[in-house]
Amino acid sequence: DTSVTGVQTCALPILFIILQATTTYLDWNNSIEILSKAFDAGLFTLIIGPKGTGKTTLVREFTKTKNAKLESINFSLRTRESHLIGTKTLNEGTIGFDEGILIKSMKEGSVLYLDELNAAEADVLLRLDEALDDRRQIVLKESTGETINADQKWFVIATINPLTHVGTKELPPQLLSRFPVRIRLDYPPEETEFQIVKKYSSGKHDDALKQGIKLASTLRQAAAVEELYYSPSLRETIAFTKLLDSGIETKKAADIVFGNVYSQWGNVEYQKVSDIITSMFGR
């Protein structure tokens, strides 16, 4: 997506459009190498980290390096077993079965991405656990009773958010054990984040961008010790630089991206962040 609400992408410099088209993932903590070794060894992998740290982008970029097909599902309270396994169909009196994403992925030997796995309901996790054990098979009790054996190339990557995030639950120990390779992906150091976000920028606002990243880091640190309710992600620093590119002045862009969201927790929370922004950017 090359636009931010209220900003017309046609006003952006041609150079910026080219940068968007050629952006590559900055693997600052060698996660792709770890994923590659896990893939070669057939060891399913769990990526742990807060929202907006690039977990999904990492998985997409890794899959490209393997020239593999990627299937993905984002878990929530609304995710049902049928999304994984499939559902019976009735077409002109003939009963059929539409395979779910888990079954398709096992048969194809694709990379299966289980996003925000610790937001899934217990019954969904139990059914998934059946396919993830060492046998790599599952019985289609919803259909013919056939046993589905996973293709040898089948590889599963799951991500989870910290338990402090709303809607998350502790994964059962037996399911955790299905993912023996664990990668911790946190927010990058400020200089690394600058290099990441620069890929989305026209390059004309480096000093202001560094200030925005420092602000984001300050707010994250405050959220980590529960002084604030919200921790801004890489998406916010990317949005900040896009607003700078659009011509919005630095302080206003900081208010729009980093400050205003805190008003949902009341004036006291909003004023705390507003004061931080003012101290960094002036009035």
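How many bridges join β5 to β8? In this predicted model, for which local features need pLDDT of at least 70 and side-chain atom pairs count only at pLDDT 80 or more, while totals for chains, interfaces and linings use all residues, the number is four, and the two strands run parallel. Residues are numbered from 1 along each chain as its sequence is written, and side-chain values use heavy atoms, with hydrogens and water left out.

Helices (H or I, at least four residues) and strands (E, at least two) are DSSP runs numbered from the N terminus, and two strands pair if DSSP finds at least two bridges between them. With these terms in hand, the sheet can be laid out. Five strands form an open sheet in the order β2-β5-β8-β1-β9, with parallel pairing. The edges are held by β2 (70-74) and β9, each with a single partner strand, so one side of each lacks a neighbour in the sheet. On average, neighbouring strands are turned by 20° against each other, direction ignored; axes here are lines fitted to C-alpha atoms, for helices over the stretch in contact, and angles run from 0 to 180 degrees between N-to-C directions. Within the β5 and β8 pairing, Leu112 has Val156 of β8 as its bridge partner. Helix α5 packs on the sheet, touching β2 and β5 (contact: heavy atoms within 4.5 Å), and its direction makes about 160° with that of β2.

We turn next to the interior. The largest nonpolar core (buried Ala, Val, Leu, Ile, Met, Phe, Trp, Tyr and Cys residues joined through side-chain atoms within 4.5 Å) has 46 residues. Buried means under 20% relative accessible area, exposed over 50%, and partly exposed in between (1.4 Å probe, protein chains only). Among the elements that each supply at least two residues of this core are α5 (101-108), β5 (111-115) and β8 (155-160). Leu114 is one of the residues with the most contacts inside the core; beyond four places in sequence, Leu114 touches Ile73, Phe75, Leu128, Val156, Ile157, Ala158, Thr159 and Phe179. A second, separate core of 24 residues includes Ala208, Leu209, Leu243 and Tyr262.

Helix α8 (residues 190-198) has Thr192, Glu193, Phe194, Ile196 and Val197 buried, and these pack against α9 (206-224) and α10 (234-246).

A polar residue completes the picture. Asn118 lies in the loop between β5 and α6 and is buried, with a relative accessible area of 3%. The Asn118 side chain reaches the backbone oxygen of Asn161 at 2.8 Å. Leaving aside neighbours within four places in sequence, the contacts of Asn118 include Ile160, Leu163, Thr168 and Leu171.

Conventions:
Polar contact = N/O pair within 3.5 Å; in protein donor to acceptor, adjacent residues only side chain to side chain.
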